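Colleague: Could you walk me through this one slowly, since I am new to reading structures?
Modeller: Gladly; have a look at it, and then ask whatever comes to mind.

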Amino acid sequence: MKTVQTTNPVQISVRQAAMMLITPVTATGHLLFVRIVFRYAGKDGWISLLIALTLGAAGLWVMIRLLQRHPEKNLLQISEDLFGAIAGRVVGLCFVGFLLFISAVLLRSFGDFMRLVMPATPIVVLMGVMIALAARTCRQGLEVVARANDILLPILIVTGSLLSLLVTKDKQPRNLLPVLEHGWQPVLAGALALQGLFAETVLLGSFGHALGKGRRVLPRVLWIMAILGVMFMGPITGPTTLFGPASVRAMVYPTWEEVKHVQFADMIGNLDVMGVLLWTLGSSVQSTLLLWGTSSGTAWLLKVDDYRALVAPLAIITLGLSILVADNARELTNFLTTGYPLLSITIGVLLPLLMLVWTEIRLLLRG
Amino acid sequence: MLFGFLAIILLEVPALVIAGRKKELRAFWLLLALSFLFSLGMVQRWPLPNPTPVIEAIFRPVADALGLQ
């Protein structure tokens, strides 16, 4: 007899929940958002990052505080508690639809990147393999994903840091000067565009009840943001210091170009495959988590106890949607630069903020 | 495509039937029908609804005002 995997809280620790937030944000960020920041802020991208992390910390604090106010409940259950059976399910549908959509968008971005590496392979095959792997892992349960991520995230951090260190000798910090050459507007636009990074915060609403345990929310938020800051500062400053701001603006994947540049002691070189490996690992965890969020959320909407039966059909829908979302890579980049960050802020920050405010008002009214 | 769907049915349905999970079975068939129609639409190039232009149209005024272009 198979065990029943319900939509009720899963058994993961605070550390695992935090790590599962860091991996997808890092994978998306290095692959996609570094170039978007360069597009707006250029060499001042690091200032955009600092502002974005502050805004992201506020969003994360809202989400954890909301989970803390509703112990042992996920975001969907909280929305039903707050807004009633019908309106709550409509809000829940927004969250699930959002997860399905960003899952498709990010899968497509991964496919576009992989086509550079394997141009002869059709994109649908590249994305199909990734989503099939995600579906297989997703069916094993979130606890298994968390344990796999325990192994993968340190590999990502150590390998990424080593690759960054190997090009240090060629970096010219002077390329970052003068600071704020074009004023604050491009920097603020870059910071806003970077908010798309934190779209996965909604996922935290599904599995992050562990982060809501205990009283000290702020230190946890600051720790997560500090780790993200360390992991992004290198990729955001690295390409500029290495190639110069003008060259970086023209690059599609600046961090990958940096990895391709690694040459050490005439022995170590051609490490671009390491970059592909890192992004594939990160994207696989990300796809699995998003598929888990979509499947468990859909199970809740359809009042089904076991989400696993829904994984395969939802994986097919995600794959189809990923082909449909954009005609080509340029169109997708334009969407990631304009609509996507605002959608992320609306569903990932403003909607949970509204729910938190409503929770506090209800608590006040009840005395 | 048909073989893929058949494989999914063979993998999922017998276990659900044996366990007597009627709700899961109903939800599975519903989503599988949706995903089949969606896939067929992709293959046959039907004009399927794409959420991206709708989202862009909703956020375009805000994006323009904030300098996101």
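**Helix crossings and a chain contact**

Modeller: A good place to begin is a pair of helices in chain A of this predicted model, where α2(A) passes α15(A) in a left-handed crossing.

Colleague: Which residues make that contact between α2(A) and α15(A)?

Modeller: From α2(A) the contact uses G59(A), V62(A), M63(A), R65(A), L66(A) and R69(A), while α15(A) brings in G348(A), V349(A), P352(A), L353(A), M355(A), L356(A) and T359(A). Sorted by class, the residues of this contact are 8 nonpolar, 3 polar and 2 charged.

Colleague: And at what angle do the axes of α2(A) and α15(A) cross?

Modeller: The axis of α2(A), which covers residues 45-69, comes within 9 Å of the axis of α15(A), and the two cross at roughly 40 degrees. The two helices are therefore oblique to each other.

Colleague: What about α3(A), how does that one pass α15(A)?

Modeller: α3(A) also passes α15(A) in a left-handed crossing. The axes of α3(A), residues 75-83, and α15(A) come within 11 Å and cross at roughly 50 degrees, so α3(A) is oblique to α15(A). On the α3(A) side the contact is made by I78(A), S79(A) and L82(A), and on the α15(A) side by M355(A), W358(A) and T359(A). Those residues divide into 4 nonpolar, 2 polar and no charged.

Colleague: Staying with that helix for a moment, is L75(A) buried or exposed?

Modeller: L75(A), which lies in helix α3 of chain A, is buried, because 28 other C-beta atoms lie within 10 Å and 20 or more are enough to count as buried.

Colleague: Which residues is L75(A) in contact with, leaving aside its neighbours within four places in sequence?

Modeller: With those neighbours left aside, L75(A) is in contact with F95(A), V202(A), G205(A) and S206(A). As for F110(A), which is 35 residues from L75(A) along the chain, the C-alpha atoms of the two are separated by 27 Å.

Colleague: Changing topic, how many residues does the contact take from chain A and from chain B?

Modeller: The contact between the chains takes 29 residues from chain A and 29 residues from chain B. On the side of chain A that touches chain B, α7 (184-194), α13 (308-324), α14 (329-337) and α15 (339-366) each supply at least two residues.

Colleague: Which of them gives the most?

Modeller: α13(A) gives the most to that side, with 10 residues. By class, the side of chain A that touches chain B has 21 nonpolar, 5 polar and 3 charged residues.

Conventions
Residues are numbered from 1 along each chain as its sequence is written. Chains are lettered from A and ligands numbered from 1 in the order in which they are written. This is a predicted model: local features need pLDDT of at least 70, side-chain atom pairs count only at pLDDT 80 or more; totals for chains, interfaces and linings use all residues. Two residues are in contact if their C-beta atoms, placed from the backbone, lie within 7 Å. Helices (H or I, at least four residues) and strands (E, at least two) are DSSP runs, numbered from the N terminus. Ala, Val, Leu, Ile, Met, Phe, Trp, Tyr, Cys and Pro count as nonpolar, Asp, Glu, Lys and Arg as charged, and the others, Gly among them, as polar. Axes are lines fitted to C-alpha atoms, for helices over the stretch in contact, and angles run from 0 to 180 degrees between N-to-C directions. Angles under 35 degrees count as roughly parallel, over 145 as roughly antiparallel, 65 to 115 as roughly perpendicular and the rest as oblique. A crossing is left-handed if the near helix is turned anticlockwise from the far one by less than a right angle, and right-handed if clockwise. A residue is buried if 20 or more other C-beta atoms lie within 10 Å of its own, exposed if 12 or fewer, and partly exposed in between; C-beta atoms are placed from the backbone.
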